Amino acid sequence: MAAPAPGLISVFSSPQELGASLAQLVVQRAACCLEGARARFALGLSGGSLVSMLSRDLPAAAAPAGSTNLARWTLGFCDERLVPFEHPESTYGLYRTHLLPRLPVPADQVLTIDPELPVEAAAEDYAAKLRQAFQGDTIPVFDLLILGVGPDGHTCSLFPGHPLLEEQEKIVAPISDSPKPPPQRVTLTLPVLNAARTVVFVATGEGKAAVLKRILEERDGAPLPARLLTVPFEKHSTL
């Protein structure tokens, strides 16, 4: 199953330009959502280089809207490593240090895993938190998911050839054999990614050029995880 052609592909000359554009996109989507019937904005965050990019640019971009608007944001994480929040591999831990002190979203609207649980229980616990936050949705519907893409075409913790690509029942799944360390992780599944209103892929560096070309053009062989999204999406990159 291949994703349709994306609605927009943007290429920037530097990570700084990319970060500023991404931050503006987030606040614009937030403004539209807060004016809508649900009057809230649900944003899914990913780790890697996105942490520093969003931490640098999003607080200033969101500041003009004021804390009243941020009080209606809900933040979730597209995947997470099962490590303590103080560990340098913790995605939430990095956002807690670098972004959240300057982006005052209410703490009870920042949805995280419980890293002290076994991986299966951590996935179930995070799924329960999502269902509580997205009451009324059969599958949690994020207004915007910001995803990275790996050189192998993985996104979230959904890796090429892994059985989790076939998961259709769970909204959150545990993974104990991640080919990228650390091995234990919790990830949103494809049904949740495909339920999102908008998905943005962000890729930086020349090393991502080949996989982006495959995602956009390849039609033969097993599809890469990032190509299994059927929701309209955008790609933003520096190459």
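## A bridge along helix α5

Let's start with a small detail: lysine 129 forms a salt bridge with aspartate 125, and their closest N and O atoms are 3.1 Å apart. This comes from a predicted model, so keep that in mind as you read on. Both lysine 129 and aspartate 125 sit in helix α5, which covers residues 119-133. They are 4 residues apart, and that is about one turn of the helix.

How exposed is each partner? Lysine 129 has a relative accessible area of 30%, so it counts as partly exposed. Aspartate 125 comes out at 25%, which makes it partly exposed too.

## The overall picture

Now zoom out. The chain contains 7 helices and 9 strands. Its C-alpha atoms fill a box of roughly 50 × 40 × 35 Å, taken along the principal axes. For a compact globule with 239 residues you would expect a radius of gyration near 18 Å, and the chain has 17 Å, which agrees.

What share of the 239 residues counts as buried? The figure is 53%. You can also look at who touches whom along the chain. Take the contacts between residues at least 6 apart in sequence: 74% of these join residues at least 24 apart.

## An open sheet of three strands

Next, find the open sheet made of 3 strands in the order β4-β7-β6, with antiparallel pairing. Strands β4 and β6 (172-175) stand at the edges with a single partner strand each, so one side of each has no neighbour in the sheet. On average, neighbouring strands here are turned by 15° against each other, if you ignore direction. As a bit of background, the strands of a sheet pair through backbone hydrogen bonds, and the pairing can be parallel or antiparallel.

How many bridges join β6 to β7? There are 4 of them, and the two strands run antiparallel. To see one pairing for yourself, look at valine 172: its bridge partner in β7 is leucine 188. Helix α5 from the opening section turns up again here, because α5 packs on the sheet and touches β6 and β7. The direction of α5 makes about 165° with that of β6.

## More salt bridges

In total, the count comes to 8 salt bridges. One of them is between the side chains of arginine 185 and aspartate 79, at 3.9 Å from N to O. This pair links distant parts of the chain: arginine 185 belongs to strand β7 (residues 185-188) and aspartate 79 to strand β4 (residues 79-81), 106 residues apart. Are these two buried or exposed? Arginine 185 has a relative accessibility of 2%, so it counts as buried. Aspartate 79 is at 10%, and that also falls under the 20% cut-off for buried.

Another salt bridge joins the side chains of glutamate 89 and arginine 81, at 3.8 Å from N to O. Here the partners fall into two categories. Glutamate 89 is partly exposed at 31% relative accessibility, whereas arginine 81 is buried, with a relative accessible area of 14%.

## One side of helix α7

Which residues of helix α7 (residues 209-217) are buried? They are Val211, Leu212 and Ile215. These residues cover an arc of only 100° around the axis, which means they lie on the same side of α7.

## Backbone details in the loops

A few spots in the loops deserve a look. Proline 181 and proline 182 are joined by a cis peptide bond, with omega at about -5°. You'll find proline 182 in the loop between β6 and β7.

Then there is alanine 39, which has a positive phi, near 55°, even though this residue is not a glycine. Alanine 39 is in the loop between α1 (15-34) and β2 (41-45), and its relative accessible area of 29% makes it partly exposed. Cysteine 156 is also a non-glycine residue with a positive phi, in this case about 50°. Look for cysteine 156 in the loop between β5 (144-148) and β6. At 8% relative accessibility, cysteine 156 counts as buried.

Note on methods. Residues are numbered from 1 along each chain as its sequence is written. This is a predicted model: local features need pLDDT of at least 70, side-chain atom pairs count only at pLDDT 80 or more; totals for chains, interfaces and linings use all residues. Side-chain values use heavy atoms; hydrogens and water are left out. Buried means under 20% relative accessible area, exposed over 50%, partly exposed in between (1.4 Å probe, protein chains only). The arc is that of the directions from the helix axis to the C-beta atoms. A salt bridge is a side-chain nitrogen of Lys or Arg within 4 Å of a carboxyl oxygen of Asp or Glu. Two strands pair if DSSP finds at least two bridges between them. Axes are lines fitted to C-alpha atoms, for helices over the stretch in contact, and angles run from 0 to 180 degrees between N-to-C directions. Contact means heavy atoms within 4.5 Å. The radius of gyration is taken over C-alpha atoms; the globule rule is 2.2 Å times the number of residues to the power 0.38.
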